[in-house]
Amino acid sequence: MELLEILKDVEHPAKGDRNIVDLGMVQKAELKDGKAVIVLAFPKHRDPLAEYLASACKAAVVRHLGKEVETIVETVVKDEPKPRKAGLDLGVEELAQVKHIIGVASGKGGVGKSTVAVNLAVALAGLGYKVGLADADVYGPSVPKMTGTENLAPNAFQEGDKEIILPLEKYGVKWMSIGYFAAPEQALIWRGPMACNALKQMILQVRWGELDFLLIDMPPGTGDIHISLVNDIPMEGAIIVSTPQDVALADVEKGINLFRNDGVKKPVFGLVENMAWFTPAELPDHKYYIFGKDGGKKMAEKYKIPLLGQIPLIQGIREGADDGRPAALREEGEGLYYLQLAQNLAARTK
Ligand SMILES: Nc1ncnc2c1ncn2[C@@H]1O[C@H](COP(=O)(O)OP(=O)(O)OP(=O)(O)O)[C@@H](O)[C@H]1O
Ligand SMILES: [Mg+2]
């Protein structure tokens, strides 16, 4: 009887009792000079059943060929080809040394997400944290302009079969944006899946290195791009930005649900109320509640999320964004609001 036939007697107890030959575990079965040499392949090191199956092989040989035959069983680890994911085959290796990946989202557009994200990144860096920011707004990237990096281009190099992109560094923060690669009008014609892939590449192919925080400035809305981002980027949670108006409320709920829904279940670390009041430069002690008072605070209570900060509408913040010098660089005045925000976020993500 052939040795391979004999080994069909050996059933794998964890595989519905299918035999090890049919399971493709027998890499070698050789009978020569009264010696049986068997090599069994296991999917992982130290398989708990390796020893059991080796003795079962020996027993089967004795049963069929008698005690005189010496049986040597070797075990090896079989390298199974990893199943390829459909679409882009990008891993999350470049994010391995990032402690906190946090999405900055809002349901509604134009509430100041990017301004908050950029200033928060600068403020966190000012506190001594290692920080990166990925501008995930494919259709309207604003990070290059807000940081004065719009004329720069990130370096890239080939490593094995992978292209690695180096982030730009300015103000102590590592920045990455699709805006460094594509002219805005070009991005506009991208269809959904193309935009999603470009986005993922821009986050997953970047050599972020060691970071305490990687902020993801999410595009406005809660569509396919958002769902794909939340699913493919291992975000720890999110912060939500909103203005205090009632009309923003329904959108905030959508933004929160993007992370809190059953399929995702990620924490929302807090809400940032942007444009909470207006203070004119010449009347620094006055507060005008243009969009209503404490709307964000009430939203935070309603959805049971901490209010991380209230940022007023200040001309200096808008100017800083337009000039590429974020207001958070200032260690006084409006800079203090972002400093406070950064401290609150750091305290919540320990
Ligand atoms: N606290 C603030 N004080 C003054 N201006 C602000 C403030 N926050 C944001 N802005 C200004 O409001 C405008 C919109 O802000 P921003 O681009 O950050 O919004 P967004 O939510 O990212 O928009 P989008 O939905 O298009 O991505 C910008 O011109 C910005 O400078
Ligand atoms: Mg934006």
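I take two residues to be in contact if their C-beta atoms, placed from the backbone, lie within 7 Å. The model I am examining is predicted.

**Entry 1: helix α3 against helix α11**

I looked up the pair formed by α3 (residues 113–126) and α11 (residues 335–348), and found that their axes come within 8 Å and cross at roughly 75°. Angles of 65 to 115 degrees count as roughly perpendicular, so α3 is roughly perpendicular to α11. On the α3 side I listed Asn119, Leu120, Ala123, Leu124 and Gly126; these meet Tyr338, Leu339, Leu341, Ala342, Leu345 and Ala346 in α11. Sorted by class, this contact comprises nine nonpolar residues, two polar ones and no charged residue.

**Entry 2: the sheet**

I traced the strand order next and obtained an open sheet of eight strands, β8-β9-β5-β10-β4-β11-β12-β13, with mixed pairing. I noted β8 and β13 (307–313) as the edge strands, since each pairs on one side only. The twist from one strand to the next averages 25°.

Within this sheet I checked β4 (residues 98–105) and β11 (residues 237–242): the two strands run parallel and are joined by four bridges. I recorded Ile102 as standing opposite Gly237 in β11.

**Entry 3: helices on the sheet**

I returned to α3, which packs on the sheet and touches β4, β5 (131–135), β9, β10 (211–217), β11, β12 (268–278) and β13. The direction of α3 makes about 170° with that of β10. I then looked up α9 (residues 295–302), a helix that lies across β11, β12 and β13 and runs at about 160° to β12.

**Entry 4: positive phi outside glycine**

I examined two residues with positive phi that are not glycines. For Asp17, phi is near 60°; I located this residue in the loop between α1 (3–7) and β1 (26–32). Asp17 counts as exposed because it has 8 C-beta neighbours inside 10 Å.

For Tyr171, I read a phi of about 55°. Tyr171 sits in the loop between β8 (168–170) and β9 (173–177). Its 19 C-beta neighbours inside 10 Å make it partly exposed, as a residue is buried if 20 or more other C-beta atoms lie within that distance.

**Entry 5: Ile178**

Is Ile178 buried or exposed? I found 25 other C-beta atoms within 10 Å of Ile178, so this residue is buried. I placed Ile178 in the loop between β9 and α5 (184–188). Lastly, I looked up Ile178 and Thr71, which are 107 residues apart along the chain, and found their C-alpha atoms separated by 62 Å.

Conventions:
Residues numbered from 1 in each chain as written. Chains lettered and ligands numbered in written order. Predicted model: local features only at pLDDT ≥ 70, side-chain atom pairs only at ≥ 80, totals over all residues. Buried ≥ 20, exposed ≤ 12 C-beta atoms within 10 Å, placed from the backbone. Axes fitted to C-alpha atoms, helices over the stretch in contact; angles between N-to-C directions. Parallel < 35°, antiparallel > 145°, perpendicular 65-115°, else oblique. Nonpolar A, V, L, I, M, F, W, Y, C, P; charged D, E, K, R; others polar. Pairing = 2+ DSSP bridges.
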